[in-house]
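Open the model in your viewer and keep the selection panel at hand. The tour makes two stops, a sheet and a ligand site.

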Amino acid sequence: MSSFTSLPKPAVVIIGAGTFGLSTAYHLLERGYTQVTVLDRAEHLPAVDAASTDMNKVVRSCYGDPEYTRLARQAIEEWRKDMWQNCYHECGVLNLGDAYTEQSINNDLKHGANVERLSNTASIRAQFPLDLHDSGKLGTFASLDIASTGYINHDGGWAEAERAVSLLMEHVKKRGVKVLPGKPVQELVKDEHGQTKGVRCADGSEYEADVVVLALGSWTASAFPSLKLTGKCLATGQSIATIQLTPEEAEEYRKSPVVIDFRTGFYVFPPTHRNVVKLAIHAAGYTYTIPGSTISTPRTIVSHPDNGLWIPRSVLRELKVQLRNVYPALAEKPFSGTRMCWYTDSPDGDWVIGRYPGDPGLVLATSGSGHAFKFLPTIGSLVADVIEDKLDPKLAARFAVDRQVKPPNGERVSVVSQELNIDELCGPEDLIPTF
Ligand SMILES: Cc1cc2nc3c(=O)[nH]c(=O)nc-3n(C[C@H](O)[C@H](O)[C@H](O)COP(=O)(O)OP(=O)(O)OC[C@H]3O[C@@H](n4cnc5c(N)ncnc54)[C@H](O)[C@@H]3O)c2cc1C
C-alpha cells in the first residue's frame with residue numbers, strides 16, 4: 001500500500017497572501033509540494049489593508065484554553081529562530097484581568113512558561129523601566145482591585161508583523177511558490193460533479209488545482225456569498241491608534257512589556273523602531289454592511305480612501321482613558337493616526353480550518369478571530385494536515401467548517417458587534433487632546 005508521501009503531491013492554489021495563506025504555502029513547501037500558487041487581490045504585497053499587514057502584533061501564550069497555549073508556545077519557539085531575522089521581540093507580556101487571566105496563568109504554568117504572578121500594584125509597576133517610575137510617567141494601576149490578577153509572561157512579546165509577512169513571502173517565492181498580486185478571485189471553478197477544481201479571477205484568468213485553499217481573511221464571507229459563511233467568518237472592524245514619540249521619549253518606554261488588560265480588552269505595545277506606540281482594544285468591534293447585501297464587508301483604506309482608516313470617536317476616547325491608567329504622560333500627547341483593521345470572527349473564537357462540507361477540493365483556512373498572527377510560523381502546518389487528511393481528530397473537529405459552535409471563550413469582554421456608524425468616525429481634529 002502506498003503512503004501519502006509516496007504519491008505525487010497535489011497542485012494547490014491558495015487565495016490570500018496573509019498569515020493563513022503564506023504560512024500554508026511555507027508548510028506545503030516543507031512537505032515537498034512543488035505546485036503551489038498564491039493569488040492575492042492587492043496590486044502590491046503585502047496588501048496594505050490585510051489584517052496581517054500591521055506594524056506589530058502581540059505574541060503571547062496566555063490563553064484561557066490550554067490547546068492555544070500549547071500551540072502558541074510552539075509558535076514562540078519558531079519565532080526565536082534565525083529565519084525570522086529578529087522580527088520577534090521578547091519583551092514579556094503583562095496580563096491583567098480576572099477569571100480569564102487566572103485560567104491563562106494556569107495554562108502557561110502547566111506548559112512551562114516563564115511566568116511570575118503579580119499580586120499587587122507595586123509588583124505590576126516593577127515590570128517597567130525605573131526611569132518611568134522616577135519621572136512619574138507610569139500609571140498607578142489604581143483601577144486594579146484586590147480580586148484582580150496580574151502576571152508577567154517573559155516568554156512572549158511582539159512581532160514586526162508586516163516585516164515578518166514580507167520575509168515569509170520572499171522566502172516561499174525563492175523556493176518556487178508563485179505569489180501573484182493583482183489577482184482578485186471572483187469565482188470557484190467546479191467540475192461536472194460540483195467539486196471545486198480551480199478559481200477564476202476578475203481579469204478572466206483561471207488557475208486549476210487539486211485543492212483550493214480560501215485564506216481571504218475578513219473578505220472570505222463577502223467574496224463567496226454562495227458558501228454562506230457569514231456565521232462562521234464575520235468581518236468585524238477593530239480600532240487601532242498610534243502615538244509618535246521622539247527618539248528620546250521612545251528610549252524611556254522601550255524596555256516595557258506589552259500590556260494587555262483582559263477586563264477591558266485594552267492593550268499597548270512598547271515603541272517600535274520608528275518610535276511609534278500602538279494601542280488598541282480587543283473587543284466585539286463593528287460590522288459594515290453594504291446596501292443591498294447582508295454580509296459584513298471590510299471597509300478599508302482601499303475601498304474607502306477618504307475615511308477607511310478612521311475609527312469611531314467613542315473608541316478613540318476610550319483608548320485615551322485606558323492609556324492614562326498605564327502611561328499617563330502619553331495620554332497627553334496627540335494621536336498620530338488611527339486604523340480600522342478587520343478581524344475574521346468565528347462565534348466561538350476558534351479558527352476555521354477544514355474542508356468545505358461536500359467539496360473535498362475546497363479547504364477553508366480563516367477566522368483568525370483576532371489572534372492568529374502570532375501563529376504565522378506554524379498555522380500553515382494545520383492547513384497542510386487538512387490537505388493531507390491527517391489533522392489530529394480533536395483539532396479537526398474543533399476547527400471544522402460545520403462544527404457545533406461553543407459559547408465564546410471569554411477572551412473578549414463583549415462579543416456582540418454593532419453596525420459601524422459612519423457619522424461617528426473620528427477625523428484629524430479628534431487626534432489632538434482637548435484637555
Ligand atoms: C486590529 C487587529 C489587531 C490584531 N492583533 C493581533 C495580535 O496582537 N496578535 C495576533 O496573534 N493576532 C492579531 N490579530 C489577528 C491577526 O492579524 C489575524 O488573525 C491574521 O492576520 C489573519 O490573517 P489572514 O490570513 O486570515 O487575513 P489577512 O492578513 O487579511 O489576509 C487575507 C488576504 O486575502 C486577500 N484577499 C481578499 N480577498 C481576495 C480575493 N477576492 N482574491 C484574492 N485575494 C484576496 C487580501 O488582499 C489579503 O492579503 C489582529 C487583527 C487586527 C485586525
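Select β10 (185–190) and strand β11 (residues 196–201). In this predicted model, the two strands pair in the antiparallel sense over five bridges. For one position along this pairing, pick Leu-188, which stands opposite Val-199 in β11.

Now add β12 (206–208) to the selection. The three strands make an open sheet with the order β10-β11-β12, and the pairing is antiparallel. Which strands stand at the edges? They are β10 and β12; each has a single partner strand, so one side of each is left without a neighbour in the sheet. Look along the sheet to see the twist: on average, neighbouring strands are turned by 25 degrees against each other, direction ignored. As background, strands of a sheet pair through backbone hydrogen bonds, either parallel or antiparallel.

Next, select the ligand and the residues around it. How many residues surround the ligand? There are 40, and the closest are Gly-16, Gly-18, Ser-52, Gly-217 and Gly-368. Colour this shell by class: 22 residues are nonpolar, 13 are polar and five are charged.

Then show the elements that contribute to the shell. α1 (19–30), β3 (57–59), β14 (234–244) and β19 (337–345) each supply at least two residues. β19 gives the most, with four residues.

Finally, colour domain 1 (4–51 + 162–232 + 348–399) and domain 2 (90–157 + 234–345 + 415–431) separately. Why does the ligand lie between them? Both domains give residues to the shell around the ligand, so it lies between the two.

Methods: Residues numbered from 1 in each chain as written. Predicted model: local features only at pLDDT ≥ 70, side-chain atom pairs only at ≥ 80, totals over all residues. Near = placed C-beta within 6 Å. Nonpolar A, V, L, I, M, F, W, Y, C, P; charged D, E, K, R; others polar. Domains from an automatic or database assignment. Pairing = 2+ DSSP bridges. Axes fitted to C-alpha atoms, helices over the stretch in contact; angles between N-to-C directions.
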